[in-house]
Amino acid sequence: MFGLFRKRDDDERGAPVEPWPRIPVAPWAGGGATAEASAVEVPSKRRPSVPGIVLTVPEGRAGVRLDEVHRFMDDETAILETTHGPTIYAVWTQAWPKKSGTAVGDMLEGEAPGGLAFLSADVDAPPTVVLRDAELASFRAWVAALPS
């Protein structure tokens, strides 16, 4: 049957995954972290992947959508949660005041403002990577230069 209720054939597939970025981009590294431009999968038949970044820190290796990274870097959100792989949180150290009463605040106690900290999803240990100054500026520049 054709039309709105046409049954999908077994050999029909969703849209092919398009490579991103189309031109190779050198990975970024600094402060004990690395980042690579890579397509990340999304649950959609029309668009099975979107531009993203794969972060590697001692807590694990996981991906996040590029549009979410841009929102985070523009201070539109205070926390960035990876969605592809183990959950890792990226947080601004100034987003939680000392003694905030939250797990993140407890782990960031004593951290100076102006840094980008990476925490495991358990938030049971202080961050092993905190980007500051030149490393943070370098990471911001790398993200800004990625093709969208």
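**Exercises on Thr82, its sheet and helix α1**

Thr82 counts as buried because its relative accessibility is 3% (buried means under 20% relative accessible area, exposed over 50%, partly exposed in between; 1.4 Å probe, protein chains only). The model is predicted: local features need pLDDT of at least 70, side-chain atom pairs count only at pLDDT 80 or more, and totals for chains, interfaces and linings use all residues. Residues are numbered from 1 along each chain as its sequence is written, and side-chain values use heavy atoms, with hydrogens and water left out.

**Exercise 1.** Locate Thr82 and determine which backbone atoms its side chain reaches.

*Step 1.* Thr82 lies in the loop that links β5 (79-81) to β6 (88-92). Helices (H or I, at least four residues) and strands (E, at least two) are DSSP runs, numbered from the N terminus.

*Step 2.* The Thr82 side chain reaches the backbone oxygen of Pro86 at 3.0 Å and the backbone nitrogen of Ile88 at 2.8 Å. A polar contact is a pair of N or O atoms within 3.5 Å; within protein, one must be able to donate a hydrogen and the other to accept it, and residues adjacent in sequence count only if both atoms are side-chain atoms.

*Step 3.* Leaving aside residues up to four places away in sequence, Thr82 touches Leu55, Ala62, Gly63, Val64, Thr87 and Ile88 (contact means heavy atoms within 4.5 Å).

**Exercise 2.** Establish the strand order of the sheet and identify its edges.

*Step 1.* The order is β5-β6-β7-β8 in an open sheet of 4 strands with antiparallel pairing (two strands pair if DSSP finds at least two bridges between them).

*Step 2.* β5 and β8 (129-131) each have a single partner strand, so one side of each is left without a neighbour in the sheet.

*Step 3.* Within the sheet, β6 and β7 (residues 116-120) run antiparallel and are joined by 5 bridges. Tyr89 stands opposite Leu119 in β7.

**Exercise 3.** Describe how helix α1 is placed and which of its residues are buried.

*Step 1.* Helix α1 (residues 66-73) lies across β5, β6 and β7, at about 165 degrees to β5. Axes are lines fitted to C-alpha atoms, for helices over the stretch in contact, and angles run from 0 to 180 degrees between N-to-C directions.

*Step 2.* Leu66, Val69, Phe72 and Met73 are the buried residues of α1. Viewed down the axis of α1, they fall within an arc of 115 degrees and therefore line one face of the helix; the arc is that of the directions from the helix axis to the C-beta atoms.

*Step 3.* The cover over these buried residues includes β3 (49-57), β4 (60-65), β5, β6, β7 and α3.
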